[in-house]
Amino acid sequence: MTRTTPSRRTVLRAAGAAAAGVGATGLASCATPVTGSGSGTQLAYWNFFTGGDGERMVELVDSYRAEAPSVDVTATTLMWGAPYYTKLAMACAGGRAPDLATMHVSRLGPFAAHLLDPFDLDELAARGITQDQFPSRVWENAQVDGELYALPLDTHPMVLYVNTDLCSQAGLMGDDGELAPITSVEQFFDAGRRLAEVTGSTGISWAAADGLASWMMFWSIFRQMGGVMELPDGGPAQVDREVMTATFSFIRDMTDGTICSQTLDGPAAPAVFASQQAGLFVLGPWELITAETAGIPFTMVPFPALFGDAPLIRADSHSFVLPRQLSVDPERRAAAYDMAASMLRNSLSWAGGGHIPALSAVSESPEFLTLEPQSNYAEAAEFVEYDPAAYFSGSGSQLMSYGGQQILGVSTRAQTPEQATENLVTWLDQQLAIPSPV
Amino acid sequence: MSTPTIPRAEAAATTSRSGAKVRQYSPMGRALVVTALIVVAVLWLAPLAWALITSLKPEGETTDVPLQLVPDAGYTGTAYESVLSNDNLIRWFVNSTFVAVVVTALTLVVSALAAYGFSRCDFRGKGLLFALTIAGIMIPPQILIVPLYREVLAMGLADTYWGIILPQLAVPTMVFILKSFFDGIPRELEEAARVDGAGSFRIFWQVVLPLSRSILAAVGIFIFISAWNNFLWPFIITSNPDLMTLPVGLVQVQSSFGVRYAQVMASALLAGLPLIIVFMLFQRQIIRGVATTGLGGR
Amino acid sequence: MATTASGATVVPPPGATQPRRKTPSLTTNPGGFWFVLPFLVVYAAFTIFPVLYGLGMSFFNVSLAGAPTTFVGVDNYAELLGDAQVWRTLGHTLLFTVLSTVPLILVSLAMALLVHTGVKGQWFWRFSFFAPYLLPVSTVVLIWNWLMQGDFGFINGILDFVGLPKVGWLSDESVALTSVVLITVWWTVGFNFLLYLAALQAIPESVYEAAALDGAGGWRRTLSITLPLLRGTTGLVIVLQILASLKVFDQAYILFNGSGGPGGAAAPILQYVYDTGFVNYRLGYASAISYVFFALIIVVSLGQFALSRRRGRTAA
């Protein structure tokens with residue numbers, strides 16, 4: 001152990017010197033981490049968009065960069081869902097959050113109270129953004145305790161993708177070349193069966209094994225049946241058990257292996273539709289590009305009212321939020337407002353991905369109204385049903401994940417609708433009994 | 001806890017690897033051994049080889065089925081070009097290097113000083129403090145993430161280099177290993193120095209440390225490897241992509257353009273390369289480090 | 001904690017009895033406390049304090065999302081006893097430990113025995129088996145996630161090629177944890193391999209020479225001499241491996257993007273701690289779960305301690 005060769009000594013000494021060098025430069029930059037170049041205002045923006053949405057988000061960011069060349073925007077894309085919201089919450093709690101971030105309106109609950117700053121309506125008005133430009137349902141849901149915490153960019157309701165070719169073979173198209181109105185469960189199921197005959201497999205593509213897809217369907221049907229779910233702190237959950245059981249029964253009846261598969265997962269569902277193995281497909285509008293790329297004859301319509309009169313549809317909105325920071329730099333904050341406003345104004349290109357722009361100046365513009373098939377379902381924004389308010393609900397939340405497991409259990413016949421209701425209500429009560437961390 | 005291996009490993013380091021033993025196997029047995037080695041080596045290298053092949057394919061051909069060794073369009077370096085032209089990977093590389101170097105240097109200094117204090121000095125409460133230190137070997141850092149996060153947050157160090165570095169510096173195992181080593185150094189040298197009037201620190205610096213170079217190197221390399229590869233703590237304490245280390249950034253930050261496998265494989269391999277090079281340079285020290293100290297079990 | 005050790009003085013105050021000090025000789029140096037101090041400061045700040053702080057937190061509701069902290073007594077621990085997810089993830093952790101420890105020991109032993117035969121290319125074999133250990137976990141998992149893709153992954157491609165059915169490495173609930181085990185074995189076996197190799201090389205040639213005189217051939221020698229001599233190392237490797245496997249988080253988290261795998265089938269308990277504390281904002285409850293896990297680690301560590309003491313005695 002005591003014998004050291006000269007060569008090793010030299011190497012170690014060199015390594016030590018190198019370490020000291022790196023240490024010195026690194027320490028110097030400790031206070032302000034290396035961020036992009038440029039002398040202007042720095043602006044950090046976080047989002048979770050990849051794929052088609054990611055590309056259009058890059059366009060939106062680039063158009064703001066063109067508008068404000070003096071602002072140096074660093075856009076970061078983190079992993080969708082729970083990992084994103086975890087990082088965002090931790091960044092806010094640490095006080096070094098980005099200047100602007102994307103968020104689902106349904107996830108505002110746990111964030112608004114302590115982790116975000118509300119928008120200043122005057123600042124927004126100064127940039128031409130006012131309340132009357134948004135659908136009232138969307139605007140309401142972006143508020144917490146009377147303050148606007150989220151600036152909605154879009155609405156993305158559950159929609160029905162229609163393969164016009166297969167549907168006309170199945171005799172489902174009306175004389176006007178549109179899908180004939182579907183107004184009841186029987187009609188919907190019948191459409192599925194007739195399409196199954198045409199495709200030789202299933203009629204309707206719907207991902208029972210994907211929490212997001214299955215929860216969208218569940219919540220839409222539950223609300224259409226008039227179901228109410230209130231989740232007060234401390235519990236118990238106020239739930240229409242009968243309606244919930246009826247909703248689970250609907251899911252079971254639909255997933256008979258002919259109308260709908262019992263086990264389709266998230267990536268497979270759009271693929272089944274794209275390969276014409278199903279004539280209808282139920283999900284949010286963001287798979288528009290998948291269908292376009294596949295080159296199949298298709299259109300998109302609002303998901304119909306199968307129960308009741310109003311086509312209540314589960315939806316969510318992407319929005320911009322202002323994470324709370326230890327110290328707010330007025331210039332950066334102003335740039336954050338500018339950037340959010342700019343992206344809202346330019347959201348026509350965002351609509352290319354299927355989302356309905358929240359800003360009426362865009363959603364009522366002639367350019368948008370000529371967009372097919374987006375304009376077909378734009379009216380759905382009036383009927384959107386957001387998830388019940390709780391700290392554990394919303395897109396990519398625990399509720400979605402646990403609810404999704406119950407739905408899958410019903411569709412695979414692992415449990416009865418009654419058991420699923422019992423499980424879900426018990427779980428809700430447990431969650432509510434736990435003191436809320438918000 | 002890992003003392004039993006020390007003498008054995010010392011022997012291992014000096015044992016010559018003569019080819020004498022192999023002669024005692026029959027030609028048949030030897031063929032079996034070689035075949036088995038080749039099979040295992042192929043199994044162990046195949047994942048890396050496939051990652052390398054994927055990284056050299058044009059993006060459009062990575063997901064071709066059935067698998068193709070050579071893409072129709074031939075190999076290309078475009079994935080590496082786009083990965084290296086992206087600021088992120090370079091920045092994370094710098095962050096990782098900086099964090100690992102500082103952690104290594106500071107941990108070595110702090111541990112060596114403490115080990116010497118425990119080994120050679122006497123002061124009130126030493127027994128208690130040493131017991132407390134040894135008890136720390138049983139505390140897995142993983143169970144501390146929640147309180148440590150709150151603590152570092154309260155110190156205002158979340159999303160800073162020091163927030164990443166400081167909690168990694170207290171490693172009781174290192175103190176224990178170094179103390180065991182110092183215990184084995186004959187005291188005569190130090191006593192001679194003391195007679196010459198040297199103070200404790202000078203003795204430590206001028207007599208003990210030079211004798212300990214090789215164990216410090218072995219321990220240091222291991223601290224470096226684990227700091228470079230540390231995932232959990234940097235993952236918890238950094239949200240700002242500019243501050244992330246390589247392992248964290250690689251899996252947290254996505255491409256806006258969706259998963260591109262050639263690029264993913266290229267950046268994964270590039271992130272692994274530095275330590276592979278370190279290994280090639282310091283193979284003997286690393287192997288001895290593992291053997292001597294039993295460090296770094298994952 | 002360190003405040004009781006008050007200073008650098010080594011001269012005992014008059015009248016103080018110091019039975020442990022045999023000779024106040026040159027063999028002890030003054031100023032010892034100052035040597036230990038820097039370590040004690042970081043150790044106290046970043047290990048001792050969080051241990052106590054975390055224990056304290058486990059009796060409170062502490063929110064990541066900023067809600068006020070409230071004292072809840074042992075409620076968190078009571079909740080934990082009835083929380084199926086705690087036991088499920090603990091079960092995954094224990095299952096992972098068993099499933100990974102066995103191959104990590106057998107494979108590494110086989111590798112070491114093969115390499116120790118002394119066939120040519122020592123450097124290459126060692127490099128091949130140990131190199132994965134040097135890779136960051138993210139590199140390892142990104143590569144394996146790619147290899148394990150269902151439709152166009154390398155492994156399923158090979159299975160398909162030889163006429164075997166494809167496996168849902170990342171999508172099948174019953175396979176997900178095994179996938180994590182496979183990755184872990186590939187990644188970390190090199191470490192145990194080196195421990196074994198060092199132990200093998202430490203066996204004196206004379207032992208073998210004696211056996212050779214007795215006419216024992218290579219294989220018989222391995223069985224009758226080598227393996228028994230490796231018993232001590234195997235004990236050490238088992239204990240280190242169990243402790244390491246219990247702490248599984250990184251691979252499982254990254255492989256499934258934090259989802260815990262299909263149906264949560266591959267979520268270890270540390271991931272539940274992470275999810276509870278950071279994803280669901282309940283830091284107090286997460287602390288309580290950490291402590292249950294800590295208790296488990298302590299039990300295993302004490303087992304290790306007892307084992308190594310017994311081994312030390314038999315060796316002496």
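**The A–C contact and a four-stranded sheet in chain A**

In the predicted model, 17 residues from chain A and 14 residues from chain C make up the contact between these chains. On the side of chain A that touches chain C, the elements giving two or more residues are α3 (82-94) and α4 (108-115) of chain A. The largest share of this side, six residues, is supplied by α3(A). Classed by residue type, the side of chain A that touches chain C holds 13 nonpolar and four polar residues, and no charged residues.

Chain A also contains an open sheet of four strands with mixed pairing, arranged in the order β10-β13-β9-β14. The edges are occupied by β10 (204-205) and β14 (298-302) of chain A; each has a single partner strand, so one side of each is left without a neighbour in the sheet.

The pairing can be followed from one edge strand to the other. Between β10(A) and β13(A) the sense is parallel, with two bridges, and Ile204(A) stands opposite Leu280(A) in β13(A). Strand β13(A) is joined to β9(A) in the antiparallel sense over four bridges; here Leu160(A) stands opposite Val282(A). Strand β9 (residues 159-163) of chain A pairs in turn with β14(A), in the antiparallel sense and over five bridges, and the bridge partner of Val159(A) in β14(A) is Pro302(A).

In a regular strand, side chains alternate between the two faces of the sheet. Strand β13 (residues 280-283) of chain A is covered on both faces: Leu280(A) and Val282(A) are buried on one side, and Phe281(A) and Leu283(A) are buried on the other.

Methods. Residues are numbered from 1 along each chain as its sequence is written. Chains are lettered from A and ligands numbered from 1 in the order in which they are written. This is a predicted model: local features need pLDDT of at least 70, side-chain atom pairs count only at pLDDT 80 or more; totals for chains, interfaces and linings use all residues. Two strands pair if DSSP finds at least two bridges between them. Two residues are in contact if their C-beta atoms, placed from the backbone, lie within 7 Å. Ala, Val, Leu, Ile, Met, Phe, Trp, Tyr, Cys and Pro count as nonpolar, Asp, Glu, Lys and Arg as charged, and the others, Gly among them, as polar. A residue is buried if 20 or more other C-beta atoms lie within 10 Å of its own, exposed if 12 or fewer, and partly exposed in between; C-beta atoms are placed from the backbone.
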